[in-house]
Amino acid sequence: MKSIRPLLAALAATALSAPAQQLWVEAESFSNHGGWMLDTQFIDIMGSPYLLAHGMGTPVKNAETTVAVSEPGTYKVWVRTKNWVGPWDAPGAPGKFQVSVNGTPLKKVLGAEGKDWLWEEAGSVEIKDKAQIALIDQTGFEGRVDAIVLSKDASFTPPSDVAATNQLRKKLLGLPDVAPETEEYDLVVVGGGYSGMGAAISGARQGLKVAFIQNRPVLGGNGSSEVQVWAMGGTRRGLYPHLGEIVEEFADRASNSPAASPDEYNDKLKEEVVKAEKTIDLFLNTHVYAVEMAKGDEKKIHSVTGLDTKTGKETRFRGKFFSDCTGHGSVGFLAGATILQEEKGRMGMSNMWVLKKSAQPKAWPETPWALDLKLEDFPAPKALEPYGVKNKSNLTGFDPGYKPVENADDYLHGEWFWESGFDQDPINGLERIRDWNFRAVYGAVSSLKKNSPEKYGSYDMQWLAYVGGTRESRRIVGDLILPGEDMVKGVIHPDACVPTTWDQDLHYPKEQYAVKFPENPFISRAQFGKHTDRKNGYPVPYRCLYSKDIANLFMAGRNISVDRFALGSTRVMRTCGMFGEVVGKAAWISVRHHTTPRGVYEQYLDILKDLMNQPGAMRRDSLEGALYLPANAKKLPEIVSETLDPKKLEGLVIDDEDAELVGKWTKGESLKPFVGEHYSYGQDKGASARFSFAVKETGNYEVVLYYQPHENRAKAAPVSVLSADGEKTFTVNQSVAAEGKNGTHRLGTFKFNAGEEAAVIYRTEGSKGNVHLDAVQVLPAK
């Protein structure tokens with residue numbers, strides 16, 4: 001068995017045999033976590049889940065538990081903890097806490113020593129038979145505890161390194177050498193984000209028995225309430241327009257990213273949709289850290305070992321087929337699959353945050369250990385948009401599952417670009433990357449309150465993601481590594497399937513904010529490369545969804561077999577979910593026809609294509625059963641068109657494609673819906689755009705402009721109308737939404753003479769932002 005760490009688990013407390021007289025207490029197994037959060041992100045680095053005092057500057061409630069000792073006497077108390085700003089020699093110690101035993105706090109303040117995880121001696125206590133242990137947070141600033149050891153042997157000192165610590169953990173807890181094994185599942189899905197959900201649900205609807213394993217308490221991954229990244233990517237289009245229907249059953253309908261309330265990401269709905277599938281066994285809070293390979297010459301996985309991060313129970317999950325939906329490609333890595341990973345310049349991890357205006361704001365403590373930032377060192381947090389302004393295409397027609405906040409402008413948020421780790425190790429350096437983001441965010445909040453109290457003094461920290469949203473790490477090599485250039489050239493492969501509609505979007509440090517910390521910037525910019533077909537999507541080949549080395553391993557999500565440029569498009573979550581849908585269908589073919597993922601491509605591709613043509617709600621009751629559509633199948637709203645066909649609009653329509661452009665204008669497709677194939681925008685000095693037309697009959701006509709708002713759009717776009725009455729100029733605020741449907745703004749009523757050239761002219765002078773050109777519509781006045 002290959003494992004990232006030695007076999008371990010965490011029982012609440014288990015006494016060792018009398019001679020050693022030690023007791024191991026796992027923090028994550030405390031009976032009451034209080035306000036401490038369970039952090040499972042870094043088990044593969046430091047050896048265990050741990051408790052985190054994530055109070056955003058306000059001390060959290062005590063975590064508490066009770067343990068029994070086999071002998072009364074004096075016990076030395078050891079605590080495994082970390083001074084999380086130690087790696088940078090930052091002044092102060094934000095993660096300070098104490099331990100109390102039977103109601104008496106030990107004098108030693110912990111979490112203020114060293115540069116890494118270590119054992120601190122907290123003091124000695126007299127214990128008769130039971131000990132009530134509590135963790136007392138002092139700061140609310142990310143104190144952390146892995147485990148506590150009570151030792152009656154005064155000469156005992158716990159080991160310092162991770163491997164020896166885990167050996168001691170195993171010994172003191174009396175763990176078995178071999179974890180119990182489950183029955184054989186048809187498909188074991190590891191990773192509970194969108195890709196894992198797509199795979200598990202799709203496989204179950206094909207009649208497969210599925211083990212679905214997720215190391216967090218909620219589903220959704222980056223699209224959960226814990227991270228709050230919008231799930232992007234177009235669904236229900238392209239070669240197989242039923243792909244994405246499963247994703248749309250559980251996808252979030254959030255109004256902002258991050259939102260005023262994490263509830264907008266609807267974790268409950270995700271779990272309900274999964275649990276509705278009777279052949280899925282869901283294992284939340286279970287971290288897979290080991291793989292056991294099957295005996296024989298063929299490289300196949302026999303089982304994966306998962307640790308229950310709350311109870312400590314270890315289980316080996318046996319399966320016919322496995323799907324790596326971990327994002328990090330962890331299962332493939334452990335199994336010995338060929339891996340791709342960029343050495344430098346990767347996209348990083350984001351930890352987003354929200355401030356809320358308060359009538360009685362809390363006092364903000366000093367943060368000398370945070371990054372020392374001035375207001376010019378970072379972008380100011382932005383006000384949330386009211387419900388329906390952003391993410392419109394994913395909201396229209398759906399029940400959002402929450403009540404939108406009434407005063408969105410009472411909230412400010414730090415968005416996706418609070419991102420670091422570009423040149424850091426994306427696996428073994430993750431905890432340090434997340435902690436650097438903490439230092440950046442807390443430094444920014446301190447700067448806002450200190451340097452602009454009149455504007456930010458009335459705001460409290462409402463939310464900060466302690467679970468990082470990672471964009472790029474390992475990718476598993478399949479039979480085809482999809483080049484990004486194939487997307488650009490429109491190369492269609494014979495096994496083309498999932499439509500990817502996102503542009504090749506890679507993130508780099510934003511130079512404006514990289515001056516102060518050039519070795520580790522924390523603000524990013526998106527660099528959009530070559531375009532994909534946003535309307536229909538570029539169909540990603542099936543051969544990218546299984547390992548070339550491991551005979552029974554599928555993958556779905558950002559760890560599929562693509563080059564880095566293609567990754568910029570395929571990594572978004574709705575697209576990842578559709579990869580999962582295809583994996584679930586291919587897994588059924590593999591089980592039913594006794595073949596491999598590669599065999600599906602070589603021998604059964606027509607069957608896969610037929611399955612991809614079926615509605616997502618179709619199911620079968622057994623492996624051999626026929627597919628049918630249940631009477632209670634969820635009906636999805638019609639797809640909201642992201643483009644408007646100018647031929648289907650009333651009156652005269654002049655698109656930006658037909659306008660006479662002077663100067664530099666950039667084509668865009670991100671702000672939707674738009675008329676035609678794209679819109680244009682720019683603010684270069686002297687640039688202009690002339691939309692010319694002539695009416696057939698003299699009369700009064702309404703002139704309508706099309707545009708979509710954005711904060712960088714013109715606050716005062718100069719627009720002139722040349723009519724029979726001469727030239728009249730207006731200014732339009734394109735940074736706010738137009739009043740009409742689909743982004744229509746009625747400029748007014750004008751007289752035009754038949755056959756005479758008329759025009760609407762945009763200019764950039766004094767625009768105060770990018771002037772947005774989409775279409776001009778001329779309608780007979782009513």
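In this talk I will go through the nonpolar cores, one open sheet, some salt bridges and the cysteines of the structure above. Please keep in mind throughout that this is a predicted model.

Let me begin with the interior. In soluble globular proteins, nonpolar side chains tend to be buried together. In this model the largest nonpolar core has 78 residues, and if you want to find the residues with the most contacts inside it, you should look for Val188, Ile301, Val304, Tyr542, Val582 and Leu608. The largest share of this core, ten residues, is supplied by helix α12, which covers residues 573-592. There is also a second core, separate from that one, with 43 residues, and among them are Phe42, Phe141, Met461 and Phe517.

What surrounds Val188, once its neighbours within four places in sequence are left aside? Its contacts are Ala211, Ile213, Val304, Phe317, Arg318, Gly319, Phe321, Phe322 and Ser323, and you will notice that Val304 has already appeared in the list of core residues with the most contacts.

Now I turn to a sheet. Strands of a sheet pair through backbone hydrogen bonds, either parallel or antiparallel. Here five strands form an open sheet, in the order β35-β39-β44-β41-β42, and the pairing is antiparallel. Why is one side of β35 and of β42 left without a neighbour in the sheet? The reason is that β35 (660-662) and β42 (726-732) stand at the edges, and each has a single partner strand. On average, and with direction ignored, neighbouring strands of this sheet are turned by 15° against each other.

We can walk across this sheet one pair at a time, starting from β35. That strand is joined by three bridges to β39, residues 688-693, and the two run antiparallel; within this pair, Glu660 has Arg690 of β39 as its bridge partner. The next step goes from β39 to β44, residues 758-763, where six bridges hold an antiparallel pairing, and here Phe693 stands opposite Ala758 of β44. At the other end of the order, strand β41, which spans residues 717-723, pairs with β42 over seven bridges, again in the antiparallel sense, with Pro718 placed opposite Thr731 of β42.

My next topic is charge. The count of salt bridges comes to 44, and I will describe three of them, beginning with the pair of Arg144 and Asp435, whose side chains meet at 2.9 Å, N to O. This pair links distant parts of the chain, since Arg144 belongs to strand β12 (residues 141-151) and Asp435 to helix α8 (residues 430-451), 291 residues apart. Are these two residues buried or exposed? Arg144 is buried, with a relative accessible area of 0%, and Asp435 is buried as well, at 1%.

Strand β12 takes part in another salt bridge, in which the side chains of Asp146 and Arg169 meet at 3.2 Å, N to O. Asp146 lies in β12 and Arg169 in helix α2 (residues 162-173), so this pair ties together parts that are 23 residues apart in sequence. Both of these residues, Asp146 and Arg169, are buried.

The third example has another setting. Glu711 and Lys382 meet through their side chains at 2.4 Å, N to O, and they connect the loop between β40 (699-706) and β41, where Glu711 sits, with strand β22 (residues 382-383), where Lys382 sits, across 329 residues. Glu711 is partly exposed, with a relative accessible area of 43%, and Lys382 also counts as partly exposed, at 23%. Some salt bridges share partners, and in this way Glu181, Glu184, Asp186, Glu292, Arg316, Arg318 and Lys320 are joined into one network.

Finally, the cysteines. How many disulfides are there? The count comes to zero. The closest cysteine sulfur to that of Cys325 is in Cys576, and at 9.2 Å it is too far for a bond. Cys544 is likewise in no disulfide, as the nearest cysteine sulfur, in Cys497, is 8.0 Å away. Cys325 is buried at 6% relative accessible area, Cys544 at 0% and Cys576 at 5%.

Cys576 brings us back to helix α12, in which it is found. Apart from its neighbours within four places in sequence, Cys576 is in contact with Ser195, Ala556, Gly557, Arg558, Thr570 and Arg571.

Key. Residues are numbered from 1 along each chain as its sequence is written. This is a predicted model: local features need pLDDT of at least 70, side-chain atom pairs count only at pLDDT 80 or more; totals for chains, interfaces and linings use all residues. Side-chain values use heavy atoms; hydrogens and water are left out. A nonpolar core is a set of buried Ala, Val, Leu, Ile, Met, Phe, Trp, Tyr and Cys residues joined through side-chain atoms within 4.5 Å. Buried means under 20% relative accessible area, exposed over 50%, partly exposed in between (1.4 Å probe, protein chains only). Helices (H or I, at least four residues) and strands (E, at least two) are DSSP runs, numbered from the N terminus. Contact means heavy atoms within 4.5 Å. Two strands pair if DSSP finds at least two bridges between them. Axes are lines fitted to C-alpha atoms, for helices over the stretch in contact, and angles run from 0 to 180 degrees between N-to-C directions. A salt bridge is a side-chain nitrogen of Lys or Arg within 4 Å of a carboxyl oxygen of Asp or Glu. A disulfide is a pair of cysteine sulfur atoms within 2.5 Å.
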